[in-house]
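Could you walk me through this structure, one selection at a time? I have it open in my viewer and would like to know what to click next.

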Amino acid sequence: MSPYDLDSAPRSLEEGGARARLLRPFDRPRSRALRIGLTGGIGSGKSTVSSALEGIGATLADADRIAREVVERGSGGLQRLVDRFGHGILLSSGELDRAALAAIIFADREAREEVEGILHPLIAERAAAILARAPEDGLAVYDVPLLVEAGLAGRFDAVIVVGAPVDLRIERLEARGIPRDDALRRMAAQSADADREALAHILVDNSGTREDVIGLVEAIDRSWLRPSRPPAGDRARKRLR
Ligand SMILES: CC(C)(COP(=O)(O)OP(=O)(O)OC[C@H]1O[C@@H](n2cnc3c(N)ncnc32)[C@H](O)[C@@H]1O)[C@@H](O)C(=O)NCCC(=O)NCCS
Ligand SMILES: Nc1ncnc2c1ncn2[C@@H]1O[C@H](COP(=O)(O)OP(=O)(O)OP(=O)(O)O)[C@@H](O)[C@H]1O
């Protein structure tokens, strides 16, 4: 690891109603991708931020997406859930009844920990395989809602925490068809905002529009993640030479 000089970088960035703060500088490794852990409570905008990072070339592993893959019909992961919770968690098609499993785990902490004990190692293995493909000078981003809860913060060079006021998160989730009660039950199963923020290098406030936060991600990259990189226009010109 070489020291990564962020001394002269701005400490905060703004794009419309979206803001970012650099809470702690971080080191950038010389010969491998920068490992970024991206987290936030339900409905904070992690997926929006991680898609924006993917859009500027980051290699992305999305824990929620992988969590679906490891319980696909016929998978070993799904079989282990059925062994533990019975066929009541299956739809007639043989697929996981996600609402049924959600009803169990967000009402019963022990059941949730059992499910996490079964699925998290499977998710972590696939995520590691995806992130290992990131080029040396690239960004390897792990979008993982339970980064803090699972004690993963120390595995990353930089932790980005996305946040927004709870009412706004609930409003956005309702617009996506997730009822308020369901959102609140999931929030109760997650760390408090303050616990996530205590581990953040970069804190993103996603209170503005989608366009704001997407623009902010580009500014974060230019100012803090890959500041020594030539601007996109220069890179395109170099390729043409
Ligand atoms: C219970 C399940 C089937 C519900 O599926 P559903 O399609 O309704 O939700 P989805 O998977 O898209 O998750 C949406 C959000 O719920 C929250 N959430 C999901 N699992 C958990 C959990 N174990 N603890 C706290 N919050 C959770 C996260 O904020 C996540 O982003 C699913 O969330 C699941 O399998 N959870 C257990 C695996 C897990 O821990 N996943 C989190 C990523 S590591
Ligand atoms: N700045 C924004 N303005 C308006 N809507 C937004 C904004 N950011 C995200 N959203 C919407 O809010 C919802 C939650 O955002 P997103 O899926 O990115 O959050 P998340 O943290 O990944 O959620 P989850 O924990 O459920 O996976 C989505 O429907 C998304 O399109």
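Here is a short tour of this predicted model, with a ligand first and a loop residue after that.

**Stop 1: the ligand.** Select ligand 2 and show what lies around it. You should find 15 residues surrounding ligand 2, and the closest are Lys46, Ser47, Thr48, Arg176 and Asn206. What kinds of residues make up this shell around ligand 2? It divides into nine polar, five charged and one nonpolar.

**Stop 2: the helix beside it.** Now colour helix H1, which covers residues 46–55. Helix H1 gives the largest share of the shell around ligand 2, namely three residues.

**Stop 3: the polar contacts.** Show side chains as sticks and go through these three:

- Lys46: a polar atom of its side chain is 2.8 Å from an oxygen atom of ligand 2.
- Ser47: an N or O atom of its side chain lies 2.6 Å from an oxygen atom of ligand 2.
- Arg176: here, too, a side-chain N or O atom sits 2.8 Å from an oxygen atom of ligand 2.

Next, switch on a surface for the protein. On its own, ligand 2 has 630 Å² of accessible area, and the protein covers 85% of that.

**Stop 4: a loop residue.** Move on to Ala192, found in the loop between helix H7 (180–188) and helix H8 (193–197). Why does Ala192 count as partly exposed? Because its relative accessibility is 43%, a value between the cut-offs of 20% for buried and 50% for exposed.

To finish, select Gly40 as well and draw a line between the two C-alpha atoms. Ala192 and Gly40 are 152 residues apart in sequence, while in space their C-alpha atoms are 9.8 Å apart.

Note on methods:
Residues numbered from 1 in each chain as written. Chains lettered and ligands numbered in written order. Predicted model: local features only at pLDDT ≥ 70, side-chain atom pairs only at ≥ 80, totals over all residues. Heavy atoms only, no water. Near = heavy atom within 4 Å. Polar contact = N/O pair within 3.5 Å; in protein donor to acceptor, adjacent residues only side chain to side chain. Areas by Shrake-Rupley, 256 points an atom, 1.4 Å probe, with all protein chains shown as cover. Helix = DSSP H or I, 4+ residues; strand = E, 2+ residues; numbered from the N terminus. Nonpolar A, V, L, I, M, F, W, Y, C, P; charged D, E, K, R; others polar. Buried < 20%, exposed > 50% of the residue type's maximum accessible area, 1.4 Å probe, protein only.
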